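Reader: I am a first-year student, and I would like to look closely at a single part of this protein. Please begin from the part I ask about and then connect it to its surroundings.

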Amino acid sequence: MKLTVVASLVSLLLVSACATQPAPKADPQPAPEPVVTLPMDELMSQLEPLEQMGLTVEKTDGGMRVVMPGAMAFASGSSEIDPAAYEALDRVATAMTALSAARADIVGHTDSAGRASYNQRLSEDRAEAVRAYVAGKGVETARMSASGKGEAEPIADNATAEGRAANRRVEISVTLN
């Protein structure tokens, strides 16, 4: 009987020892490589969707250039931003907020209808309105410049309605420092 009790105790000890041993370790899986997003890639991912909104987006040597048709952003003869342009400008502001090294040069352009001095002032006011809007979304004004070219840099023939419409635009060049 003593032998049976001893055998039972040994069996019990073996079972409990097996139950409390840690499970064998699995081969550790290597940690996934961190995804590194380059600033230019980030800028492109932020700004390229603007093309679906009717803007032109072009990659440049140091960043991206966004061309906003004036008809989308401003009423004729006005420097007040049309609410239809808010979503596009919000995206520009988001890109600049996400990339602290981003800087924007905002340039207004007009067609050649009207006096050159009036067109110059209108182009400056429109560029400044865009700058103020983007600044209102949290981008420091020191990271943006605003200027106007008036009718000096047409991209189309001012003799046609289509050409004049193309010339009325705001260009936002976002560069990375």
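What volume does the largest pocket have?

Author: In this predicted model, the largest pocket has a volume of about 160 Å³. Its lining consists of 14 residues, and those nearest the centre of the pocket are Ser76, Gly77, Leu122, Arg126 and Arg168. Two elements, helix H3 (70-73) and helix H5, each give two or more residues to that lining. The largest share comes from H5, with 4 residues. Sorted by class, the lining of the largest pocket comprises 6 nonpolar, 5 polar and 3 charged residues.

To place the pocket, it helps to have the whole chain in view. The protein chain has 6 helices and 5 strands. Read from the N terminus, their order is α-α-β-β-α-α-β-α-β-α-β. Of the 177 residues in the chain, 32% are buried. Among contacts with a separation of 6 or more, 67% are made by residues 24 or more positions apart.

A suitable residue from which to leave the pocket is threonine 110, in the loop between strand E3 (102-109) and H5. Threonine 110 is in contact with Leu122 and Arg168, and also with Asn119, Ser123, Gly150, Glu151 and Asn167, when neighbours within four places in sequence are left aside. Leu122 and Arg168 have already been named among the residues nearest the centre of the pocket. The relative accessibility of threonine 110 is 3%, so this residue counts as buried. Its side chain reaches the backbone nitrogen of glutamate 151 at 3.4 Å.

One of the contacts of threonine 110 leads to asparagine 167. Asparagine 167 lies in helix H6 (residues 161-167). This residue counts as buried because its relative accessibility is 0%. The side chains of asparagine 167 and asparagine 158 are joined by a polar contact of 2.9 Å. Apart from neighbours within four places in sequence, asparagine 167 is in contact with His109, Thr110, Asp111, Pro154, Ile155, Ala156, Asp157 and Asn158.

Next comes strand E3, where valine 107 is found. With a relative accessibility of 16%, valine 107 counts as buried, because the cut-off is under 20%. Its contacts, leaving aside neighbours within four places in sequence, are with Ala127, Ser147, Lys149, Arg169, Val170 and Glu171. Valine 107 and glutamate 124 are 17 residues apart along the chain, and their C-alpha atoms are separated by 7.6 Å.

A further distance links valine 107 to arginine 131: the two are 24 residues apart in sequence and 9.7 Å apart in space, taken from C-alpha to C-alpha. Arginine 131 belongs to helix H5 (residues 116-136), the helix that gives the largest share of the pocket lining. The side chain of arginine 131 reaches the backbone oxygen of methionine 144 at 3.2 Å. Not counting residues up to four places away in sequence, arginine 131 touches Ile106, Thr141, Met144, Ser145 and Ala146.

The description may now turn to another part of the chain, beginning with helix H2. Within helix H2 (residues 39-47), the buried residues are Met40, Leu43, Met44, Gln46 and Leu47. Viewed down the axis of H2, these buried residues fall within an arc of 165°, and therefore they line one face of the helix. They pack against strand E1 (56-59), strand E2 (63-69), helix H4 (86-98) and strand E5 (169-176).

The loop between H2 and E1 contains leucine 50. Leucine 50 counts as buried because its relative accessibility is 0%. In sequence, leucine 50 and alanine 88 are 38 residues apart, yet in space they are 6.3 Å apart, C-alpha to C-alpha. Leucine 50 touches Ala88, and it also touches Leu55, Val57, Val66, Arg91 and Val92, not counting residues up to four places away in sequence.

How values were computed: Residues are numbered from 1 along each chain as its sequence is written. This is a predicted model: local features need pLDDT of at least 70, side-chain atom pairs count only at pLDDT 80 or more; totals for chains, interfaces and linings use all residues. Side-chain values use heavy atoms; hydrogens and water are left out. Contact means heavy atoms within 4.5 Å. A polar contact is a pair of N or O atoms within 3.5 Å; within protein, one must be able to donate a hydrogen and the other to accept it, and residues adjacent in sequence count only if both atoms are side-chain atoms. Buried means under 20% relative accessible area, exposed over 50%, partly exposed in between (1.4 Å probe, protein chains only). The arc is that of the directions from the helix axis to the C-beta atoms. On a 1 Å grid over the protein atoms alone, a cavity is a set of points where a 1.4 Å probe fits but cannot get out, and a pocket is an open set with protein on both sides within 12 Å along at least five of seven lines; lining residues have an atom within 4 Å of a point. Grid points are joined across faces, edges and corners, and a volume is the space filled by probe spheres set on the points. Ala, Val, Leu, Ile, Met, Phe, Trp, Tyr, Cys and Pro count as nonpolar, Asp, Glu, Lys and Arg as charged, and the others, Gly among them, as polar.
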